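Trainee: I have a structure on my screen and would love a close look at one part of it. Could you take me through a single helix and then show me how its surroundings fit together?

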Amino acid sequence: MVVEALKLIREVEEEGRKRLEEAKESVARILKAADEEMKGLTEKAREEVKRIAAEIAARYAKEGEREAEMIKKAAEAEAGKLKATAASNLEIAVNLVLEKMFGLR
Amino acid sequence: MVHMGTNEIVEKIKGEANAEYERMISEANENAKKKLEEVRKELELQKKRFIEADERKGVEEKERMIRAARQHARKLKWMVEEEMIEKAFEAAMKRIKEVKRAGFKGKSYQNILAGLIMDGTRSIAAEGSEAAELEVLLSEEDVAYLNHSLLKEIANKISQDNGVKLQLSLSDERVKSAGGVIVRRKDGKIEVNHTFEQRMARFSTGLREDIVKTLFSRR
């Protein structure tokens, strides 16, 4: 009877040891799954940052192009006006040059 | 002393093993959850920093584009100014022939030359010598506009005005110029160059400013 009791206890101890082994394996699986999830999150975040960076760059480039184009158009219009003004004043300017050239001014 | 039966011992061992199992799993889950939370927070922070940096880069790029456009605009304006100043100079040089033929603002070309000779002679007379022999150099084309009596008249007037004795004659030497004169002492020590090209070069800076004001003022 004592022998049977000891045998039973040893069996239960063995079950307990197996249970702990199972626990260790489960812990390893849980940690591995967490690691995988972290890697996934990191990769996803990297992709998202990359996408956002491209969006930001494109947005500012577009804004820059738009404003630069406006400045360019305004400058061209201004240049046209300046040319027209200068053309209408050219005769006066030529007379000014001649006056200075001839010592009359 | 408390004695346990076999069943009690078995249950105790089972209970302890189960409790340890539960504790280990629970702790692992807790750790995993905590680590994931930390990673999420860190990634959010990094994302925020990257976006801020990208925003700064974007603004800089936009400002660079605007600066370049403004620079281009300034260059365009400068080019128009230069083009029109050049046109004014070219047109003035072309008009000289017409002035030689028809005069300018009621003055004949001979009068204009006389004025320049007078100015050059006065400048040399102002240098202080009591008597001086001066000569006038002209281009081949302009010789026809000058005569001995005009030179004598100018010399007499300045001699009287300045209390000096001046003699003015036409040099045999010719200058290559669109017009104007060179007045110089016969010993070559003093010379006043009033050729149009030299006058333009001399007055260039101030004259360009005046031309710009004239050309681009809205009337």
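Mentor: Happy to. Let's begin with a term we will need: two residues are in contact if their C-beta atoms, placed from the backbone, lie within 7 Å. Keep in mind, too, that this is a predicted model.

The part I would pick is helix H2 of chain B, residues 109-125. With 17 residues at 1.5 Å a residue, H2(B) should span 24 Å, and its end C-alpha atoms are indeed 24 Å apart, so the expected and modelled lengths agree. Now look at which of its residues are buried: Tyr109(B), Ile112(B), Leu113(B), Leu116(B), Ile117(B), Gly120(B), Thr121(B), Ile124(B) and Ala125(B). The spacing of such a list is worth a thought, because an α-helix has 3.6 residues a turn, so residues three or four places apart point the same way.

What do these buried residues pack against? Within chain B, their partners are helices H1 (6-102) and H3 (148-162), along with strands E1 (131-138), E2 (165-174), E3 (180-185) and E4 (191-195). Val181(B) gives you a concrete view of this packing: leaving aside residues up to four places away in sequence, Val181(B) touches Leu113(B), Leu116(B), Ile117(B) and Gly120(B), and also Val136(B), Leu137(B), Leu138(B) and His194(B).

Val181(B) also belongs to the largest nonpolar core, which has 39 residues; Val181(B), Val136(B), Ala88(B) and Val97(A) touch the most other members. Helix H1 (2-101) of chain A gives two or more residues to this core, as do H1, H2, E1, H3, E2, E3 and helix H4 (196-216) of chain B.

Stepping back to the whole of chain B, you will find four helices and four strands, in the order α-α-β-α-β-β-β-α along the sequence. Its radius of gyration is 48 Å, well over the 17 Å that the globule rule gives for 219 residues, so chain B is more spread out than a compact globule. The domain assignment gives domain 1 (1-81) and domain 2 (103-216) in chain B, and their C-alpha centres lie 87 Å apart. H2(B), at residues 109-125, falls inside domain 2.

Finally, the partner chain. Chain A has one helix and zero strands, and its C-alpha trace spans about 140 × 25 × 10 Å along the principal axes. Between the chains, 57 residues of chain A are in contact with 64 residues of chain B. On the chain A side, those residues divide into 35 nonpolar, seven polar and 15 charged.

How values were computed:
Residues numbered from 1 in each chain as written. Chains lettered and ligands numbered in written order. Predicted model: local features only at pLDDT ≥ 70, side-chain atom pairs only at ≥ 80, totals over all residues. Expected span 1.5 Å × (residues − 1). Buried ≥ 20, exposed ≤ 12 C-beta atoms within 10 Å, placed from the backbone. Nonpolar A, V, L, I, M, F, W, Y, C, P; charged D, E, K, R; others polar. Domains from an automatic or database assignment. Core = buried A, V, L, I, M, F, W, Y, C linked by C-beta atoms within 7 Å. Rg over C-alpha atoms; globule rule 2.2 N^0.38 Å.
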